[in-house]
Amino acid sequence: MKELLTIIKGCAKNEAKSQRILYERYLAYALKIAFRYVGSYENAANAANDAFIRIFKGLKNFEIRNSEDVEAMLMGWIRKIVINVSIDYMRKESLIAERTSLQENVWSQTDASNGGDNQLMYKELIALIRKLSPAYRVVFNLHVIDGYSHQEIATMLGISAGTSKSNLAKAKAFLQKFLIKDTKGNILCFT
Amino acid sequence: MEGLFREAAENYQLSTDRAIDWERIDSALHKTEDVDSEPSKPEKKNRRRFIFWCLLLVSLGWFTHYAWNNAFKNKPTHKNTLEKSISIVKKQNRVTTDAKISIKKISDKQQTIFGGDVAKDIADRPATNKIPKVSALTEKDDNSGLLIVHNNNKNEIDNNTRKNDVTNTYAGNSNSVINKTDKLNNQQVNIGVEMEVNNAKQIIKDSVAKKSLTPKKRVTGFYAGLLVSPDLSFIKSQKISGIGSTFGLIGGYRLNNKWSVETGILLDKKKYYTKGAYFDKSRISYLNSVDLLSVDGDCNMFEIPINIRHKLSSYKNIGNWTATLGVSSYFMKREYYEYSFIKNGQTEHKDHTYYSSSKKLFAVVNLGAGYERTIGKTLHVRIEPYFKIPLSGVGTGNLSISSTGVNLGITKFFH
């Protein structure tokens with residue numbers, strides 16, 4: 001924890017060494033968030049790097065209220081910035097629903113002993129999110145995964161809360177089609 | 001289902017091999033800092049370009065004035081004056097048919113030079129007991145190169161000086177009469193007193209004395225006119241955002257030949273840019289909680305200058321080099337700002353127009369130096385580069401605005 005505090009303070013002073021450490025430590029985290037929104041690996045990489053530029057420029061405004069929760073606060077702050085940058089990116093690039101399949105090399109290599117089966121499922125689920133149209137995808141990510149309320153989503157996206165709810169319902173309906181459940185409600189496979 | 005997607009989002013793994021791009025982030029963060037710490041190359045270039053154009057304008061103005069006087073104005077030279085004198089003599093010769101000229105050679109060291117106006121003055125002066133009438137003017141002696149004023153009265157002239165009497169200047173010198181035959185077809189003119197002067201400065205002294213006899217031109221009085229100028233404004237040596245303008249009325253009072261006081265009412269349109277650090281956010285509530293990055297702004301305001309103008313030097317009484325020093329007060333009318341700021345990690349932009357009527361007395365110090373040329377008897381045109389140094393901030397953002405430009409003005413002097 002002290003080490004992280006030192007790194008954050010170094011970044012606030014614009015020290016390149018501290019910034020690089022922070023960047024390499026949290027790039028994967030930022031990339032995963034961006035990827036859920038923008039849908040393609042290249043765009044996610046661009047969005048994540050843009051987010052880090054903004055993170056380092058704004059780090060002097062980052063308030064540390066409780067030194068024990070530094071990492072959680074930092075990750076929450078990084079998440080917020082990455083989401084905002086990703087949404088900006090989607091607007092700028094006018095992204096459409098991704099229909100191309102993902103290359104295998106974008107996924108991190110895991111073996112069976114490391115929850116490989118689960119990873120396979122996680123990959124499939126993320127790939128399913130990618131198939132959503134941008135409007136549905138962003139609302140689904142913001143509400144279901146990142147925990148924003150419909151009112152907050154409406155403010156961020158410049159839409160009404162009703163539209164946010166409607167888009168979410170449509171996203172869920174779309175995803176539902178690909179999931180098969182057994183009688184107990186457990187997901188068995190993907191179609 | 002939702003829980004499953006949350007779990008997937010939390011735990012899925014993505015390769016960062018193709019995403020890592022530290023060089024891009026490093027250059028964005030640290031090369032931007034290097035540029036911010038000193039004036040950027042475009043800012044330096046703009047400033048150099050502006051100084052160059054100011055110097056060029058002033059040089060052009062001086063050169064044009066000099067060329068105008070030498071090429072287009074046919075002022076009589078010393079030689080022309082002599083020729084004029086000779087032509088007057090010849091005219092007189094025609095009138096006095098039996099006049100004869102007698103010229104006597106004098107030493108080569110002596111050189112007598114007379115201006116035509118001075119000689120004429122001697123000739124036209126009525127006779128008195130002390131100074132005899134001089135009816136002839138000047139004659140050029142081809143051998144000695146002398147111009148001689150002749151007088152047919154060989155009596156001595158009173159050496160006592162009299163104020164403002166041109167001839168006293170000559171009366172102090174020695175007299176001699178030169179006789180010369182057959183130079184001008186045996187025509188004889190009434191001869192006057194031949195004067196010797198030691199050097200050409202005597203002529204200038206005579207000319208000045210002659211001028212002192214004529215009524216002096218009035219140099220004090222009021223004047224008024226119009227002023228217009230392009231305006232470049234900037235804040236703390238930052239970049240220039242665009243070209244503004246100044247337009248208005250000026251009026252003043254000339255105290256004497258050197259000094260005048262001037263005021264006016266001007267409408268300024270200024271454009272400027274600043275980084276967020278130099279903009280006072282305290283009067284704008286929604287900016288207090290954000291990180292202000294930059295502000296682009298423009299404003300309309302009235303300016304009331306109070307200046308003292310000093311004439312540094314003059315050129316042939318038709319052009320003056322001047323210097324100006326004073327202060328101006330600003331009365332703000334309208335401000336427009338475009339804000340760029342970071343809020344919740346996101347860059348946003350917002351603009352706003354303020355119709356404030358704030359005022360700042362003695363907001364800037366005015367410095368100027370330029371050239372003023374007289375046209376006719378009462379009109380003056382001026383070209384004057386200026387610089388305004390802020391003494392305090394103005395407007396909603398309390399910005400210290402420096403300005404520079406070139407004043408172009410035309411004024412009329414009221415006698």
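Here are some short exercises, with worked solutions, on a predicted model with chains A and B.

**Exercise 1. Classify the ring pair Tyr23(A) and Phe52(A), and place both residues in chain A.**

Let's begin with the setting: the structure holds 13 aromatic pairs over all chains.

Step 1. Take the geometry. The centres of the Tyr23(A) and Phe52(A) rings lie 5.1 Å apart, and the planes make an angle of 85°.

Step 2. Compare with the cut-offs. Centres within 6.5 Å make a pair, and planes over 60 degrees apart count as edge-to-face. The Tyr23(A)–Phe52(A) pair is therefore edge-to-face.

Step 3. Find the residues along the chain. Tyr23(A) belongs to helix 2 (residues 16-38) of chain A, while Phe52(A) belongs to helix 3 (residues 41-58). The two are 29 residues apart, and their pair links distant parts of the chain.

Step 4. Check the accessibility. Tyr23(A) has 0% relative accessibility, so this residue counts as buried. Phe52(A) is buried too, again because its relative accessibility is 0%.

**Exercise 2. Work out why the pair Phe279(B) and Tyr339(B) is edge-to-face, and which parts of chain B the pair ties together.**

Step 1. Start with the rings. Their centres are 5.6 Å apart and their planes stand at 75°, so Phe279(B) and Tyr339(B) form an edge-to-face pair.

Step 2. Locate the partners. Phe279(B) sits in the loop between strand 7 (259-275) and strand 8 (291-315), and Tyr339(B) is part of strand 9 (residues 319-343), so the pair joins parts of chain B that are 60 residues apart in sequence.

Step 3. Ask how accessible they are. Phe279(B) counts as buried at 4% relative accessibility, and Tyr339(B) is buried at 1%.

Step 4. Look around the pair. Phe279(B) and Tyr339(B) belong to one aromatic cluster together with Tyr272(B), Tyr337(B) and Tyr354(B).

**Exercise 3. Describe Arg283(B): is this residue buried or exposed, and which residues does it touch?**

Step 1. Place the residue. Arg283(B) is in the loop between strand 7 and strand 8 of chain B.

Step 2. Use the accessibility. Its relative accessible area is 53%, and exposed means over 50%, so Arg283(B) is exposed.

Step 3. List the contacts. Leaving out residues up to four places away in sequence, Arg283(B) touches Gly395(B), Thr396(B) and Asn398(B).

Step 4. Set sequence beside space. Arg283(B) and Asn398(B) are 115 residues apart in sequence, with 9.4 Å between their C-alpha atoms.

**Exercise 4. Build up a picture of where chain B meets chain A.**

Step 1. Count the residues. On chain B, 33 residues are in contact with 51 residues of chain A.

Step 2. Look at the area. About 4,200 Å² is buried between the chains, and carbon and sulfur atoms give 62% of this. On the side of chain B, Phe5(B), Tyr12(B) and Arg18(B) lose the most area to chain A, together 18% of what that side buries.

Step 3. Add the polar links. There are three salt bridges between the chains. One pairs Asp50(A) with Arg24(B), whose closest N and O atoms are 2.1 Å apart. Twelve residue pairs are in polar contact.

Step 4. Name the elements. Helix 1 (2-11), helix 2 (22-37) and strand 10 (346-354) of chain B each supply at least two residues of its side. Helix 1 gives the largest share, nine residues.

Step 5. Finish with a charge over a ring. The charged end of Lys32(A) sits over the ring of Tyr12(B), 5.7 Å from the ring centre.

Methods:
Residues are numbered from 1 along each chain as its sequence is written. Chains are lettered from A and ligands numbered from 1 in the order in which they are written. This is a predicted model: local features need pLDDT of at least 70, side-chain atom pairs count only at pLDDT 80 or more; totals for chains, interfaces and linings use all residues. Side-chain values use heavy atoms; hydrogens and water are left out. Rings of Phe, Tyr and Trp (its six-membered ring) pair if their centres lie within 6.5 Å; planes under 30 degrees apart count as stacked, over 60 as edge-to-face and the rest as tilted. Helices (H or I, at least four residues) and strands (E, at least two) are DSSP runs, numbered from the N terminus. Buried means under 20% relative accessible area, exposed over 50%, partly exposed in between (1.4 Å probe, protein chains only). A charge sits over a ring if NZ of Lys or CZ of Arg is within 6 Å of the ring centre and within 35 degrees of the ring normal. Contact means heavy atoms within 4.5 Å. Buried area is the accessible area (1.4 Å probe) that two parts lose on being put together, summed over both. A salt bridge is a side-chain nitrogen of Lys or Arg within 4 Å of a carboxyl oxygen of Asp or Glu. A polar contact is a pair of N or O atoms within 3.5 Å; within protein, one must be able to donate a hydrogen and the other to accept it, and residues adjacent in sequence count only if both atoms are side-chain atoms.
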